Amino acid sequence: MRIATWNINGIRARLEGAVQWTSEVRPDILCFQEIKIEDAAFPRSAFEDLGYNVETLGQKSFNGVALLSKLPFDEVSRGLPGDDADSQARFIEGVFSISGGAIRVASLYLPNGNPVGTDKFTYKFAWMDRLEAYAKARLAAEEMFVFAGDYNVIPEPIDARYPEHWVEDALFQPETRMRYRRLLNLGLTCAFRACSSEPGYYSFWDYQAGAWQRNNGIRIDHQLLSPLAADRLRGAQIDKRTRSWDKPSDHVPVMIELDV
DNA sequence: ATGGCTGCAGGATGCAGA
C-alpha cells in the first residue's frame with residue numbers, strides 16, 4: 001500500500017497538475033492539505049474518475065484538508081479532538097479495512113505559528129499538544145495508523161539547506177521541535193527518517209528569491225507511523241519532480257510504501 | 001530576509017503562508 005501526502009496550496013489553482021500526478025503515481029491513499037476551498041466546491045469528480053473515494057474538510061480561502069482513497073472508507077471523522085471551538089479545517093481521518101485488520105490514516109495541516117510570540121504561535125503549540133493527546137489515545141488502543149501531513153516543523157538542522165535562516169521562525173523554534181520530538185517519543189516513527197539519515201532532502205521550497213533554483217528547501221511534510229504501521233514500512237520517498245512543473249505548489253508529495 | 005512569490009476574495013489591495 002502506498003500513502004502520499006501533499007500540501008497542494010489551493011486545489012483550484014493546482015487541479016491539472018494534481019490529477020496528472022495522481023493518475024501517474026496512483027497512491028492507494030492520498031492526503032491533501034491547504035485545499036483552500038469549501039466542501040461543496042471541491043473538484044471531487046476529477047478524482048472519482050480516477051477511481052478514488054473522496055472525503056474533505058474544506059474551508060473558504062484558507063486551510064482545508066482532504067483524503068482520497070482507492071479503498072472504501074469504513075469511517076471518516078473531521079477535526080482534531082480536544083477543542084470544539086477550533087473552527088480551522090486542519091484534520092481529517094479515515095479508517096480502512098486491510099487484510100487482518102484496519103488502518104487509520106489522517107491528513108493533517110499543523111498550524112504555521114508565525115510570527116513567533118503571537119496568538120498564532122500559541123495556537124500552534126495548543127494544536128500540537130492536542131495532536132499528542134490524540135496520538136497517545138490511539139496508541140493506547142494499539143492501532144495501526146499513519147498521521148500524514150504538513151507538520152510545519154523542521155525537525156533537525158539537516159532538514160534545512162540553511163538552518164541558520166530559520167532560527168527565528170516558528171517552524172524551527174526549540175519549543176516546536178521539542179513538541180515534535182515528544183510525538184516521536186510516544187513511539188511514533190518518522191517514515192522518511194527511518195529510511196534515510198542523509199541531509200539534502202526537502203519537501204518545501206519558497207516561491208521567493210529563487211529558493212527552488214538554489215535548493216534552499218526545508219523538510220516539513222512528514223508521515224508518522226504507529227508501531228504496527230512502522231513494522232510494515234518498506235520505504236519512503238519525496239517526489240520533488242513536481243516542484244519544477246508549471247504553476248507548482250511550494251510543497252511536493254511525500255510517499256511511503258507499507259507492506260499491507 | 002529588510003519577505004524579492006503565490007492563491008484567494010472580490011473587484012483594490014490585504015491577508016496568509018513559511
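This briefing walks through the sheets, a helix, the nonpolar core and a few unusual backbone spots of the structure above. Please keep in mind that the model is predicted. Two open sheets of six strands each are described here, one in the order 3-4-2-1-14-13 and one in the order 5-6-7-8-12-9. Helix 3 and a nonpolar core of 66 residues come after them, followed by the loops.

**The sheet with strands 1 and 14**

- Six strands make up this open sheet, and their order is 3-4-2-1-14-13, with mixed pairing.
- Strand 3 (53-57) and strand 13 (233-238) are the edge strands; each has a single partner strand, so one side of each has no neighbour in the sheet.
- On average, neighbouring strands of this sheet are turned by 15° against each other, direction ignored.
- As background, strands of a sheet pair through backbone hydrogen bonds, in either a parallel or an antiparallel way.
- Strand 1 (residues 2-7) runs parallel to strand 2 (residues 29-33), and five bridges join them. If you would like a pair to look up in the viewer, Trp 6 has Phe 32 in strand 2 as its bridge partner.
- Strand 1 also pairs with strand 14, this time in the antiparallel sense and over four bridges. Here Thr 5 stands opposite Val 254 in strand 14.
- Strand 13 and strand 14 run antiparallel and are joined by five bridges, with Gly 235 opposite Glu 257 of strand 14.
- Strand 14 is mostly covered, as four of its five residues are buried.

**The sheet with strands 7 and 8**

- This open sheet also has six strands, in the order 5-6-7-8-12-9, and its pairing is mixed.
- Strand 5 (75-78) and strand 9 (189-190) are the edge strands, each pairing on one side only.
- Strand 6 (residues 91-98) is joined to strand 7 by eight bridges, and the two run antiparallel. Ile 98 stands opposite Gly 101 in strand 7.

**Helix 3**

- Helix 3 (residues 119-140) has 22 residues, which at 1.5 Å a residue should span 32 Å; the C-alpha atoms at its ends are 32 Å apart, in agreement with that figure.
- Lys 124, Trp 127, Met 128, Leu 131 and Ala 135 are the buried residues of helix 3. Viewed down the helix axis, the buried residues fall within an arc of 100°, so they line one face of helix 3.
- The spacing fits a general rule: an α-helix has 3.6 residues a turn, so residues three or four places apart point the same way.
- The cover over the buried residues of helix 3 includes strand 8 (145-150) and helix 4 (174-185).
- Asp 119, Thr 122, Ala 133, Lys 136, Ala 137 and Ala 140 are exposed on the other side of helix 3.
- Just after helix 3 comes Glu 142, with a positive phi of about 55°.

**The nonpolar core**

- The largest nonpolar core has 66 residues, and those that touch the most other members are Ile 3, Phe 32, Val 65, Val 105 and Val 146.
- Strand 7 (residues 101-109) gives the largest share of this core, five residues.
- Beyond its neighbours within four places in sequence, Val 146 is in contact with Ile 3, Ile 103, Val 105, Gln 223, Leu 225 and Ala 229.

**Loops and unusual backbone spots**

- As a reminder, most residues other than glycine have a negative phi, and most peptide bonds are trans.
- Asn 114 and Pro 115 are joined by a cis peptide bond, with omega about -5°. Pro 115 belongs to the loop between strand 7 and helix 3.
- Asn 152 has a positive phi, near 50°, and sits in the loop between strand 8 and helix 4. Asn 152 counts as buried because it has 26 C-beta neighbours inside 10 Å.
- Lys 247 likewise has a positive phi, near 50°, and is found in the loop between strand 13 and strand 14 (254-258). Lys 247 is exposed, with 10 other C-beta atoms within 10 Å.
- Asp 169 lies in the loop between strand 8 and helix 4 and is partly exposed, with 18 other C-beta atoms within 10 Å.
- The C-alpha atoms of Asp 169 and Asn 112 are separated by 9.5 Å, while the two residues are 57 residues apart along the chain.

Terms used. Residues numbered from 1 in each chain as written. Chains lettered and ligands numbered in written order. Predicted model: local features only at pLDDT ≥ 70, side-chain atom pairs only at ≥ 80, totals over all residues. Pairing = 2+ DSSP bridges. Axes fitted to C-alpha atoms, helices over the stretch in contact; angles between N-to-C directions. Expected span 1.5 Å × (residues − 1). Buried ≥ 20, exposed ≤ 12 C-beta atoms within 10 Å, placed from the backbone. Arc of directions from axis to C-beta. Contact = placed C-beta atoms within 7 Å. Core = buried A, V, L, I, M, F, W, Y, C linked by C-beta atoms within 7 Å.
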